[in-house]
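Let us walk through this protein together, one region at a time. Please keep the sequence and the 3D view open as you read.

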Amino acid sequence: MQKVAQGSLVIELDENGTEQFYDSSLYMAMLLTVRRPFIFALVLRVCESVLDTTMSIVTKKLISHIASSYAWHNANDMARSSLSKPASLGHGLGLAIGLASMQQNLIPTLAAVLTFITYSLSGHKLDTATIFASLQLFNLIQGPLRQLPVTFTKLTDAYVALNRITSILVAEEQPETVTILESAEFAIEAVGDFAFETCAPPDQNHRGTARDDDMPTEEGTQVEQDPFCLKDIDLRIRHGAFVCIFGRIGTGKSALLQGLIGEMRQTRGHVRFGGNIGLVTQNAWIQNASLKENILFGQEMDTSKLQSVLQACALVQLVKAFSDGIDTEIGERGINLSGGQRSRVALARAAYFGADVILLDDPLSAVDSHVSSHLVEQCFLGVLKDKTRVLVTHHLDVAKHADLIIVMDNGRVVQQGSYPDLASMPGIFQILMQEHGNLNEAPENDLQNSCQDDPGHNSTLAPAENAVSKLHIDEERAKGAVSWAVYIGYLKGLKIGGHVFIALVSLILGQCAQVGTTLFLGFWAGRSIPGYQDGDYMGLYAGFGVGTAIFIFLLHYHLTMAGVRAGFLMFQTAIHHVLRSSVTFHDRTPSGRIVSRLTKDMSTVDDNLGSLWSFFLSQFLSIFGAIALIAYAYPYLVIGFIPLGILYIIFALIYRHSFRELNRIASVTRSFVFQNFGEQVTGVSSIRAFQQQKYFLKRMSEAIDYESRFIYSAIVANRWFASRLDMLGSLLVLGVGVFGVCLRNSVSPTKFAVAFTYTLQTTYLLCELSQRGVWLEMGALLLLI
Ligand SMILES: Nc1ncnc2c1ncn2[C@@H]1O[C@H](COP(=O)(O)OP(=O)(O)OP(=O)(O)O)[C@@H](O)[C@H]1O
């Protein structure tokens with residue numbers, strides 16, 4: 001005798017029978033199993049491709065399109081054309097997932113059918129002990145078999161992710177070309193050549209424009225194809241100097257600042273700063289945080305310093321205009337500021353930071369002459385007067401205040417010197433001065449006006465009466481359970497009723513066929529159908545097996561098709577709405593949140609909803625089948641189900657509530673991670689220039705930790721529930737075992753075997769059912785948001 005022990009179950013099998021049985025069953029099971037990983041790999045590839053396409057559409061095309069042009073009018077066409085590729089992939093995906101899911105569910109049934117037929121054909125007699133002991137073994141391998149493709153998928157997933165991450169990890173790192181030396185003789189010493197790695201995208205490329213208008217040259221046309229270079233740079237700027245950089249557009253003024261801070265590849269020479277650096281970029285970078293956090297930038301709060309910076313940067317009026325004052329959320333998470341306001345906030349950040357060298361890339365471009373004069377007077381020549389300031393600007397009226405003027409042309413410094421020298425010297429600077437008229441007249445009045453009008457002179461920061469209230473929308477988080485109306489709306493709205501109906505019918509028939517198969521095995525073992533020979537039993541049993549296979553295929557195919565169709569329709573609708581929604585919506589909804597919704601959350605709906613439904617429904621019916629079979633064997637045992645059922649409901653309710661809420665919060669916090677990441681990528685040059693990498697890395701890891709906290713709590717909730725279900729399952733098995741022993745004389749071994757087999761199965765199914773039920777609700781929840 002050989003003992004096969006699994007948990008509390010010990011099955012005793014006859015040695016000959018066991019070997020024969022193992023031979024036939026293992027070959028069948030292996031035959032069916034080895035094909036599965038390949039199908040799953042195929043499905044995975046298709047999924048990856050769909051997800052990649054979708055991600056690129058959402059992040060690159062749509063969101064950037066929305067942000068840049070708000071082109072609502074052709075939103076429909078765009079959504080349709082953008083989605084045509086994923087939509088065509090969807091049908092193949094439906095079929096592949098349908099087949100894969102069918103295989104997964106079919107294998108235990110088919111393996112059992114083929115095994116018993118093979119066993120019988122090889123001249124062995126099927127009896128109750130062999131049938132139900134082997135059925136039990138099939139049930140036992142069912143769990144690992146289900147896990148196998150999941151594990152394989154996860155492994156492939158990890159492999160794909162690793163490949164992608166590797167390409168980022170092995171990417172060339174930016175060399176530290178910038179040296180900061182407090183004791184250096186000059187505030188900035190830059191000697192050498194610099195080059196961009198690639199050509200600028202057409203919309204950023206000024207070179208054509210500048211040359212076409214002014215000096216079209218052969219050189220200009222040729223340079224178009226090569227990345228822009230700065231050549232023969234030789235700058236030595238003394239501490240505390242105010243330097244202005246002038247030149248026509250696209251001549252390399254901003255590039256010079258980028259070269260200095262190491263954002264261009266240095267092909268020759270060196271850059272040395274005599275103190276720490278502050279930077280204001282041309283497109284001012286604003287964090288999704290409060291106005292105060294944007295200005296403080298991780299520094300200690302100093303109220304009087306903040307007041308003077310706000311006043312110098314002409315921000316007092318702005319602060320007073322908000323009811324939350326300096327604590328108002330700005331950027332994507334709050335109020336969107338105008339270009340001029342953004343650059344003044346960035347300027348205030350640089351001024352508050354207290355860096356020794358401040359690089360200012362055209363902060364005056366988006367402000368009128370009135371505010372410009374205020375900034376020059378109060379900020380550049382005021383609070384920053386002791387710092388080394390390098391200002392790129394087209395405002396030639398600032399030139400007279402400069403200690404040093406640098407003129408750029410075609411990536412070279414063509415002139416440098418004091419204002420009187422350059423103004424009297426023939427050259428580009430003189431031409432620019434002539435083109436812009438005599439600039440010595442205007443600013444005086446402007447300056448006076450600015451001082452009178454500017455609320456900066458009123459030092460109080462209390463909100464004005466007509467202050468704008470906070471516009472920041474906290475990410476909504478639906479509460480409570482998902483109502484049936486949502487599910488019905490989902491079915492109606494997505495026009496998948498036909499698929500769902502066929503799936504339900506197939507499910508019921510498939511379940512009947514499955515239970516029938518088990519019962520029929522009992523009849524076969526007892527030879528209880530009069531006039532039936534072994535061949536008849538075999539034929540009918542095979543018929544049951546094929547019937548089950550067909551119904552399972554129909555179930556999974558139709559549910560997957562419904563899921564895929566629903567997924568694409570929802571995605572199309574979501575994209576359509578995002579494109580058609582008002583400017584206010586986009587002003588107030590962070591793009592990180594939209595990207596999170598349209599990618600991660602949509603992919604959860606795509607990947608899981610269809611298969612979750614099919615698992616949920618089939619397991620629900622399996623449990624009914626199992627209870628019916630147990631009731632058939634031991635009607636009195638059903639009474640014992642009642643207290644266990646009550647306990648199960650209590651545990652399930654507690655679990656469902658916490659698991660659902662934890663996942664909801666995790667989904668909301670995930671948006672912050674996306675937001676944080678997007679924000680830091682946009683502001684990477686500022687972060688590097690200010691040397692704030694550590695501070696931002698810390699913020700990012702805090703955001704990830706915060707999200708993980710809820711994910712781990714959800715996993716703990718899962719284990720809590722699973723352990724309680726294990727306990728209930730063990731009680732159920734104990735009950736059936738005790739009944740089996742007590743009623744051994746009145747109940748046939750076949751009946752006991754059927755009841756025992758299904759009791760063990762029910763335990764596993766109950767656990768799966770509850771967990772998938774909650775996941776299903778989570779999927780439905782995503783539809784609400
Ligand atoms: N990130 C980049 N990558 C590659 N090339 C770039 C990049 N940024 C700018 N360029 C190229 O460098 C040239 C100089 O651009 P830059 O921004 O320095 O001009 P600018 O003198 O500051 O013009 P403007 O006055 O309009 O700001 C551009 O014509 C463009 O082709």
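Helices (H or I, at least four residues) and strands (E, at least two) are DSSP runs, numbered from the N terminus. With that in hand, we can place Phe297, which sits in the loop between α8 and α9. Two notes will help before we go further. Residue numbers start from 1 along each chain as its sequence is written. The model is predicted, so local features need pLDDT of at least 70, side-chain atom pairs count only at pLDDT 80 or more, and totals for chains, interfaces and linings use all residues.

How confident is the predictor? pLDDT is its confidence in each residue, from 0 to 100. The protein averages a pLDDT of 73, and 65% of the residues score at least 70. Over residues 1–22 the pLDDT is below 50, and this stretch has 25 contacts in the model beyond near neighbours in sequence; a contact here means two residues whose C-beta atoms, placed from the backbone, lie within 7 Å. Residues 31–36 also have a pLDDT below 50, with seven contacts beyond near neighbours in sequence. Where pLDDT is low, the predicted coordinates should not be read in detail. For the model, ipTM is 0.96 and pTM is 0.60.

Now for the overall picture. The protein has 24 helices and 12 strands. Of its 785 residues, 39% are buried. A residue is called buried if 20 or more other C-beta atoms lie within 10 Å of its own, exposed if 12 or fewer, and partly exposed in between, with C-beta atoms placed from the backbone. Among contacts with a separation of 6 or more, 87% join residues 24 or more positions apart.

Let us return to Phe297. This residue has a positive phi of about 50 degrees although it is not a glycine. Is Phe297 buried or exposed? Phe297 counts as buried because 20 other C-beta atoms lie within 10 Å. Far along the chain is Gln692, in the loop between α22 (684–689) and α23 (693–742). The C-alpha atoms of Gln692 and Phe297 are separated by 8.7 Å, although the two are 395 residues apart along the chain. Leaving out residues up to four places away in sequence, Gln692 touches Phe297, Gly298 and Ile687. Gln692 is partly exposed, because 18 other C-beta atoms lie within 10 Å.

On the other side of the Phe297 loop comes helix α9 (residues 303–312), where Leu306, Val309, Leu310, Gln311 and Ala312 are buried. These buried residues pack against α8 (291–296), α10 (316–321), α11 and α12 (369–383). After α9 comes Ala314, with a positive phi near 55 degrees.

Next, look at the nonpolar interior. A nonpolar core is a set of buried Ala, Val, Leu, Ile, Met, Phe, Trp, Tyr and Cys residues joined through C-beta atoms within 7 Å. The largest one holds 83 residues, of which Ile245, Cys313, Ala348, Ala351, Leu359 and Leu375 touch the most other members. Helix α11 (residues 339–353) supplies the largest share of this core, eight residues. Another core, of 52 residues, lies apart from it and includes Ala133, Tyr557, Tyr634 and Tyr758.

Leu359 touches Leu257, Leu260, Ile261, Ile277, Leu279 and Val390, not counting residues up to four places away in sequence. Two of these partners, Leu257 and Leu260, are among the buried residues of α7. Helix α7 (residues 253–260) is mostly covered, with eight of its eight residues buried. Just after α7, Gly262 takes a positive phi of about 85 degrees.

Finally, find the open sheet of six strands, which has mixed pairing and the order β8-β9-β10-β6-β11-β12; two strands pair if DSSP finds at least two bridges between them. β8 (277–280) and β12 (412–417) stand at the edges with a single partner strand each, so one side of each is left without a neighbour in the sheet. From one strand to the next, the twist averages 15 degrees; axes are lines fitted to C-alpha atoms, for helices over the stretch in contact, and angles run from 0 to 180 degrees between N-to-C directions. β6 (residues 242–246) and β11 (residues 404–409) pair in the parallel sense over four bridges, with Val243 opposite Leu404. Helix α14 (residues 428–435) packs on the sheet, touching β6, β11 and β12, and its direction makes about 95 degrees with that of β11.

Definitions and conventions
pLDDT = per-residue confidence, 0-100.
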